[in-house]
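Biologist: Before we discuss any detail, could you put the model up, so that we can go through it together?

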Amino acid sequence: MKTREYRLGVRQGFPVGMGYFSVSFGFGAMAAAQGITPGGAALLSATNLTSAGQFAGLTMILARAGLWEVILTTLVINSRYALMSLALSQRMGEKVGLLARMLTAFFNTDEIFALAMASHEPLTCPYLLGLGTLPLIGWTGGTLLGAMAGSVLPLNFRTALGVMLYGMFVAIVVPPARRERPVLMVVVAALVISCLFSWVPQLHGITPGAAIVVCTVGAAGLGAVCFPIEEEAE
């Protein structure tokens, strides 16, 4: 049973792993251009597994920012993962222990979260570990190869690879949004709130990480109020 769930997760996470492999080329090339060794760049990806947080952290490290500045900045940018992990935790059974929850939380990214929440079956630790296996390998391997080939690939090619991350996420979100009206309404609400941070001058001072958290909480709260899910009777 556990092996079957793990294999299912690996199979569903394969497209995300392929996308991460290509996208992480940009981070690896950027790190190599700033003097970081390919091994060091790969270690950053293997221990973080986050795109925006890694780019921001690398930029601050190169700017010789203080340790606490780097910690607080990446904490704000990646704080949305705490909300995602809470949502996944509610979908997991009570038998899943703290260590297993912490391990699966490490693999929790935007795309993996979208795939997991789209599943109609109760989430298990083997399934979530399967979802995260190939994305972790792809993200780390792509970073390593990107750092090794950073001096060869042209800038426009590396930039094009970076756009694939957004296309991949859209491809994950659009199908359930077309099938289910609540999902569509939550997506539209998130888009509207996100646009406000770009269009309203008074909101321009808010960091991108904090804006993502506000969009997530606002859209999710609206969905919970307008489309509540009834709990099944025991």
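**A threonine in a helix, and its surroundings**

Modeller: The side chain of T143 reaches the backbone oxygen of W139 at 2.7 Å, where a polar contact is a pair of N or O atoms within 3.5 Å, one able to donate a hydrogen and the other to accept it within protein, and residues adjacent in sequence count only if both atoms are side-chain atoms. This is a predicted model, in which local features need pLDDT of at least 70 and side-chain atom pairs count only at pLDDT 80 or more, while totals for chains, interfaces and linings use all residues. Residues are numbered from 1 along each chain as its sequence is written, and side-chain values use heavy atoms, with hydrogens and water left out.

Biologist: Is T143 buried or exposed?

Modeller: The terms are set by relative accessible area with a 1.4 Å probe and protein chains only: buried is under 20%, exposed is over 50%, and partly exposed lies in between. T143 has a relative accessibility of 0%, and therefore counts as buried.

Biologist: Which residues is T143 in contact with, leaving aside its neighbours within four places in sequence?

Modeller: Contact here means heavy atoms within 4.5 Å. With those neighbours left out, the partners of T143 are S24, F27, G28, A41, A42 and S45.

Biologist: Which backbone oxygen does the side chain of T140 reach?

Modeller: T140 lies in helix α8, as does T143, helices being DSSP runs of H or I with at least four residues and strands runs of E with at least two, numbered from the N terminus. T140 counts as buried because its relative accessibility is 19%, and beyond its neighbours within four places it is in contact with A42, S45 and A46. At 2.9 Å, its side chain reaches the backbone oxygen of L136.

Biologist: How far apart are the end C-alpha atoms of helix α8?

Modeller: Helix α8 covers residues 125–148, and 18 of its 24 residues are buried. The expected span is 1.5 Å times one less than the number of residues, so these 24 residues should span 34 Å, and this agrees with the end C-alpha separation of 34 Å.

Biologist: Which helix supplies the largest share of the largest nonpolar core?

Modeller: A nonpolar core is a set of buried Ala, Val, Leu, Ile, Met, Phe, Trp, Tyr and Cys residues joined through side-chain atoms within 4.5 Å, and the largest one has 23 residues, with A116, L123, L128 and L131 making the most contacts inside it. At least two residues each come from α1 (2–33), α5, α7 (110–118) and α8. The largest share, seven residues, is that of α8.

Biologist: Which residues does A116 touch, not counting residues up to four places away in sequence?

Modeller: A116 is among the residues with the most contacts inside the largest core. Its partners beyond those neighbours are L88, R91, L123, L128 and L131.

Biologist: How many disulfides does the count come to?

Modeller: A disulfide is taken as a pair of cysteine sulfur atoms within 2.5 Å, and by this rule the count is zero. C195 is in no disulfide, the nearest cysteine sulfur being that of C215, 8.8 Å away. The number of disulfides is zero.

Biologist: How many helices does the chain have?

Modeller: The pattern read along the sequence is α-α-α-α-α-α-α-α-α-α-α, and there are zero strands. The number of helices is eleven.
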